Amino acid sequence: MRRIGGVFDEICSFPNLMRAARRASAGKGTTKSVAAFLAQTEPEVLALQRRLLDGSWRPGEPTTFWIRDPKPREITAAPFSDRVVHHALIDVLEPRLDARMVPHSFACRRGKGQHAALRWTRRLLHTFDWFLKLDVQGFFPSLDHDVVLDTLHRVLKDRRTLLL
């Protein structure tokens, strides 16, 4: 499959960043940082776009806290403007990356989710006598970032997008 390139300008486009700001703020409009950003959405998005295009944008310092859901989990939350960048990236890259994924991966994918996973599992139960249920504790914090970045380097050829 061909590597993905030429998407940086689409990621940084004003309409994409405005859409990303709306998506990142969904259900979070009452938090102080989100409300401050939304009060000046267009100037904030234009400033963010300028930093992205001139290469001066850098991720901010994340906030870390614990929740019980139902077991204790550590959550790391990026600053709101970083979440806008995350959404801008995903809105452009997701369709291209999704096409490369195995069809039986269901989490966090449009048109997939727990109901599709349940239908697939029911089909498998008629085929196999045994199954393995597991939860990999601390999976995301344990990921080797270099391995993730190496994988992205094999898929993306746009250097500016890789720097994001």
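This is a guided tour of a predicted model of one protein chain, stop by stop.

**Whole chain**

Start with the full chain in cartoon view. Nine helices and two strands make up its secondary structure, and their order along the sequence is α-α-α-α-β-β-α-α-α-α-α. The C-alpha trace spans about 60 × 40 × 30 Å along its principal axes. Of the contacts with a separation of 6 or more, 63% are between residues 24 or more positions apart.

Switch on the surface. Its accessible area is about 12,200 Å², and carbon and sulfur atoms hold 58% of that. Of the 164 residues, 24% are buried. If you colour by charge, there are 27 positive and 18 negative charges, and the mean positions of the two sets are 5 Å apart.

**Helix α1 and its salt bridges**

The structure holds seven salt bridges. Select Asp 9 and Arg 160 for one of them, in which the closest N and O atoms are 3.7 Å apart. Asp 9 belongs to helix α1 (residues 8-11) and Arg 160 to helix α9 (residues 159-163), so this salt bridge ties together parts of the chain 151 residues apart in sequence. Arg 160 has a relative accessibility of 40%, which makes this residue partly exposed.

Next, select Glu 10 and Arg 96. Their side chains form a salt bridge with an N to O distance of 3.4 Å. Here helix α1, which holds Glu 10, is linked to helix α5 (residues 80-98), which holds Arg 96, and the two residues are 86 residues apart. Glu 10 is partly exposed at a relative accessible area of 40%, and Arg 96 is partly exposed at 33%.

**From α5 to the loop that follows**

Stay with helix α5 and select Asp 91 together with Arg 110. A salt bridge joins their side chains, at 4.0 Å from N to O. Asp 91 is in helix α5, while Arg 110 is in the loop between α5 and α6 (113-125), so the bridge ties together parts 19 residues apart in sequence. Are the two partners buried or exposed? Arg 110 is exposed, with a relative accessible area of 53%. Asp 91 has a relative accessibility of 18% and counts as buried, because the cut-off for buried is under 20%. Add Arg 23 and Glu 94 to the selection: salt bridges with shared partners join Arg 23, Asp 91, Glu 94 and Arg 110 into one network.

**Helix α4: Gln 49**

Move to helix α4 (residues 41-54) and pick Gln 49. This residue is buried, at a relative accessible area of 15%. Which residues does Gln 49 contact, leaving aside its neighbours within four places in sequence? They are Cys 12, Ser 13, Phe 14 and Leu 17.

**The two strands**

Now show β1 (63-68) and β2 (72-77), with the loop between them, where Pro 70 is placed. The peptide bond between Asp 69 and Pro 70 is cis, with omega about -15°.

In strand β1, select Trp 66. Trp 66 is exposed, with a relative accessible area of 58%. Beyond its neighbours within four places in sequence, Trp 66 is in contact with Pro 72, Arg 73 and Glu 74. To set a distance label, use the C-alpha atoms of Trp 66 and Thr 76: these residues are 10 residues apart along the chain, and the atoms are separated by 8.7 Å.

**The nonpolar patch**

For the final stop, return to the surface view. Select Leu 132, Leu 134, Val 136, Phe 139, Phe 140, Leu 143, Val 148, Leu 149 and Leu 152, which together make a nonpolar surface patch of about 850 Å². Helices α7 (139-142) and α8 (145-155) each supply at least two of the patch residues. Which helix gives the largest share? That is α8, with three residues.

Leu 143 is in the loop between α7 and α8. With 32% relative accessibility, Leu 143 counts as partly exposed. Patch residues need over 30% relative accessible area, and Leu 143, at 32%, is over that cut-off.

Definitions and conventions: Residues numbered from 1 in each chain as written. Predicted model: local features only at pLDDT ≥ 70, side-chain atom pairs only at ≥ 80, totals over all residues. Heavy atoms only, no water. Helix = DSSP H or I, 4+ residues; strand = E, 2+ residues; numbered from the N terminus. Buried < 20%, exposed > 50% of the residue type's maximum accessible area, 1.4 Å probe, protein only. Contact = heavy atoms within 4.5 Å. Areas by Shrake-Rupley, 256 points an atom, 1.4 Å probe, with all protein chains shown as cover. Lys, Arg positive; Asp, Glu negative; His and termini not counted. Charge placed at Lys NZ, Arg CZ, Asp CG, Glu CD. Patch = residues over 30% accessible without salt bridge, like charges linked within 9 Å, V, L, I, M, F, W, Y side chains within 5 Å.
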